[in-house]
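Q: Got the model open. Can you walk me through it?

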Amino acid sequence: MEPGKKIIIIGGGVGGLVTGIYARKAGFRSVIYEKNPASGGECTGWDRNGYHIDGCIHWLAGTGEGRDLNRVWKETGALENIDIYQPESLVTVFNESDSLSVWRDRDKLRRDLLAVAPEDEEEIEEMLQAVAIFQLFEPSVDKPRDTMSLMEKLRFLYRNRKVMRLIGKYSRITVSEYLSRFKNSLIRAAFNNIVPGEYSTHNLFFTLASFTGNNAGIPKGGSKAFSERLEKKYRELGGEIIFNTEVKEIIIDSNTATGILTREGSQFFGDYIVTACDTRLVFEKLLRGKFFEEEFLKRYEDSEAYPLQTSVYAAFGVDADLTAFPGNSVFKTAPVIFEDRVIDTLSMKHFCHEPSFSPEGKSLIAVYFNANYDWWKDLNKNPRLYRAEKARLAVNISTQLQKRFPEIMNKTSVLDVATPLTYERYCGAYRGSWLSFGNTPLSEPLRHDGRVKGVKNLYMTGQWLMPPGGLPAAAITGRWTIERIKNR
Ligand SMILES: Cc1cc2nc3c(=O)[nH]c(=O)nc-3n(C[C@H](O)[C@H](O)[C@H](O)COP(=O)(O)OP(=O)(O)OC[C@H]3O[C@@H](n4cnc5c(N)ncnc54)[C@H](O)[C@@H]3O)c2cc1C
């Protein structure tokens, strides 16, 4: 360990902030360079017309007291003195005559699943048993495998042996294939809206296990406040963060990373450089294409095995209190043209659990669609058409929302529409992806030590190092990066 040495971190998202916090705790000097005027990266929120649009956390794994990941969130200040909102249901799906909620309460979940689909009893029981086993899983938050001793590795594997066995079994089938085993269409629809259908099934079980294990709540204050707490902790520990500074290049001298060059042309030097942004950007731009590794290249180029997720996110303010409705719901609508296809289902979330997100008596609604990056990129060749399409889509969704909820008829205003290009522009995320490489039956686990081969003193961190990504991946890789630097 070399306390007093300086670490330069590129990117002030959750990955960068957590890296900085552990860097300071280990006694390193730490400076984060962030291209935006605020920290948080994809974990953010923004204000529009008296509403606060929350841009990220649907659920946060690691909110359960006593869990290893919870300790990381506490150590970094992310959950310090903060209440956790525990939604009763993960999602509620409506068809023409019926509805089904994925309840947090396991007994209630079993009861309702069996009530709507007695014909699927065997599958339901098997799923709930698998979910109970996934609840036992503890990730290795303190140490990456490459710094563990043989005994530590064996202990980790032994501790998680039951889950590992199930991962082996369920990683070979997609969520869509798995759900086709259920005869009941409402069950298929309910579980189809939790993780992408092309992902391996163990991803669905991890999510259900966290949620029903009270380990995937929503920190009060939402995504922006979450990132702000991390930034506050980082600054309290003496970390420095420089905003509005885009890093253009990593300076390499005799195969050693020594500093950064900013877009404005300034150079800053440090003992270690840590990238906490999209790895494609790192290899292609910051390292000028010189060190691209097959491990990453193959993932970026094979979207079937390693799908990326990007969205269109539309936010609406409504002059009504929707507290009585499920927070997350999926329902049928009249056909709506979305991109180059017709859709007839909306996935909607309201934020009534956060009264400060909307003026008194009003509610904030967000609607999400899985989006096609290329379609929006192509449309934006003509910015006028791009803007017009966002406006058209917003009006059409608003119309469908008002049909679904008569109480908001003529009381709905469009607040904002974000597309894959928004995420790309704001975070530099590859193809606007808000998660990293998806796990599918065709994908291989990414086992990478975060070092760029051929360059000394350069480390990569953030969600791209731990597929399929998410806030826990950003935080754990941040902690691991400092462990690696300490143990070099
Ligand atoms: C709509 C949405 C919903 C989500 N829901 C959830 C959820 O419910 N639960 C969950 O766990 N996760 C969720 N996520 C994912 C989560 O937000 C991300 O996994 C996480 O924030 C990634 O953190 P990161 O630090 O690795 O990367 P990022 O957040 O992408 O941070 C990278 C940072 O680097 C900066 N940067 C990029 N290039 C440069 C440069 N050249 N110079 C300087 N700075 C640079 C960017 O501006 C950014 O601040 C969601 C994301 C979105 C968008």
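A: Sure. One term before we start: two strands pair if DSSP finds at least two bridges between them. And keep in mind that this is a predicted model.

Q: OK, pairing then. What stands opposite isoleucine 84 in E9?
A: Proline 219. Strand E6 (residues 84-85) pairs with E9 over two bridges, in the antiparallel sense.

Q: And which residue of E9 stands opposite alanine 61?
A: Alanine 216. Strand E5 (residues 60-61) and strand E9 (residues 216-219) run antiparallel, joined by two bridges.

Q: Switching to the inside. How many residues has the largest nonpolar core?
A: It has 94. Val14, Val18, Phe134, Phe205, Ile250 and Ile273 have the most contacts inside it.

Q: Which helix gives the most to this core?
A: Helix H16 (residues 471-486), with eight residues. Domain 1 (6-43 + 62-81 + 222-305 + 439-486) and domain 2 (87-213) each contribute at least three residues to this core.

Q: What is isoleucine 273 in contact with, leaving aside neighbours within four places in sequence?
A: Ile8, Ile250, Ala257, Ile260, Asn457 and Leu458.

Q: What about a second core?
A: There is a separate one of 28 residues. Val318, Phe357, Leu401 and Ala418 are among them.

Q: Now the ligand. Which residues are closest?
A: Gly11, Gly13, Gly15, Gly41 and Gly462, out of 40 that surround the ligand. By class, the shell has 21 nonpolar, 15 polar and four charged residues.

Q: Which helices and strand each supply at least two residues of that shell?
A: Helix H1 (14-25), strand E15 (311-318), helix H15 (420-427) and H16.

Definitions and conventions:
Residues numbered from 1 in each chain as written. Predicted model: local features only at pLDDT ≥ 70, side-chain atom pairs only at ≥ 80, totals over all residues. Core = buried A, V, L, I, M, F, W, Y, C linked by C-beta atoms within 7 Å. Buried ≥ 20, exposed ≤ 12 C-beta atoms within 10 Å, placed from the backbone. Helix = DSSP H or I, 4+ residues; strand = E, 2+ residues; numbered from the N terminus. Domains from an automatic or database assignment. Contact = placed C-beta atoms within 7 Å. Near = placed C-beta within 6 Å. Nonpolar A, V, L, I, M, F, W, Y, C, P; charged D, E, K, R; others polar.
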